[in-house]
Amino acid sequence: MPRSNPAVDELVAAARGGDQEAFEELVRLTHVDVYSLARRLTGDPDDARDVVQEAYLRAFRSIGKFRGDAQFSTWMYRITANCASTHRRRRTRHRHLELADDHGGIDLDVDHDPEDRATRAGLRDRLEAAISVLPPKLRSVVVLRDLHGLSHRDIADELGITESAAKVRLHRARKRLQADLHELGPGGDDEVAHAG
């Protein structure tokens, strides 16, 4: 995680005081990272955009309560992770209703999509595919740790779990990724073994 940035701290202070332009600048500074996190947590660009919009809306409404105990980016990660979790629960309820009428469900296997298969060339793409089909609880931990560099303690704080639970979930996620990458082809095991 980057160190505290005085310019960001000033923007946060101004936004807490009601300065809408300061908040818009915070959005501009953090949008790429927040979207990247949402995209990895949801596995879908449209869902990620919905999550990002909801996350910034929540942040705007709550900026006055932001105490500065963590960096603004870390606070946004927490809000984004919570919004992604809420979004998944809503989608799961909606999907259950759809499945009653459609026995096929959603095909998460990227190998069945010729466009994805054509563009999916390297190890990074195989890793992204494996992450996208992890159960949400495991996906959240591995994304926050291995892709965003959060410590076990920070992950626990972000997700509202204990530090030991974060470690257990990360271990399970990496084991699952290792198995999934082995099925996707050679080279994946080494990437997971050296992650984080």
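This passage describes the fold, helices and selected arginines of a predicted protein model.

Residues are numbered from 1 along each chain as its sequence is written. Because the model is predicted, local features need pLDDT of at least 70, side-chain atom pairs count only at pLDDT 80 or more, and totals for chains, interfaces and linings use all residues, while side-chain values use heavy atoms and leave out hydrogens and water.

A word on confidence comes first. The average pLDDT (the predictor's confidence in each residue, from 0 to 100) is 77 for the protein, and 74% of the residues score at least 70. Two stretches fall under 50: residues 96–114, with 11 contacts beyond four places in sequence, and residues 116–120, with nine such contacts. Contact here means heavy atoms within 4.5 Å. Where pLDDT is low, the predicted coordinates should not be read in detail.

The protein holds 10 helices and zero strands. Both kinds of element are DSSP runs numbered from the N terminus, with helices (H or I) having at least four residues and strands (E) at least two. Of the 196 residues, 35% are buried; buried means under 20% relative accessible area, exposed means over 50%, and partly exposed lies in between (1.4 Å probe, protein chains only). Among contacts between residues at least 6 apart in sequence, 59% join residues at least 24 apart. The protein exposes about 11800 Å², of which carbon and sulfur atoms supply 49%; the areas come from the Shrake-Rupley method with a 1.4 Å probe, and for residues only the protein chains shown count as cover.

Helix H2 offers a good place to look more closely. Its 23 residues place the end C-alpha atoms only 28 Å apart, short of the 33 Å that a straight helix would reach at 1.5 Å a residue; the expected span is 1.5 Å times one less than the number of residues. A kink of about 55° is centred on Thr 30, the bend at a residue being the angle between axes fitted to the seven residues ending there and the seven starting there. Thr 30 is also among the buried residues of H2, which include Phe 23, Leu 26, Val 34 and Leu 37. At the N-terminal end, Asp 19 acts as a cap, with a side-chain oxygen 3.0 Å from the backbone nitrogen of Glu 21. Just after H2, Gly 43 takes a positive phi of about 75°.

Arg 40 also belongs to H2, which covers residues 20–42. Arg 40 counts as buried because its relative accessibility is 15%. Its side chain joins that of Ser 36 through a polar contact of 2.6 Å. Such a contact is a pair of N or O atoms within 3.5 Å; within protein, one must be able to donate a hydrogen and the other to accept it, and residues adjacent in sequence count only if both atoms are side-chain atoms.

Arg 16, in helix H1 (residues 6–16), has 44% relative accessibility and therefore counts as partly exposed. Beyond four places in sequence, Arg 16 touches Ile 63, Gly 64 and Phe 66. A polar atom of the Arg 16 side chain lies 3.1 Å from the backbone oxygen of Phe 66.

Arg 169 sits in helix H9 (residues 163–184). Leaving aside neighbours within four places in sequence, Arg 169 is in contact with Lys 137, Leu 138, Val 141 and Ile 161. Leu 138 and Val 141 are among the buried residues of H7.
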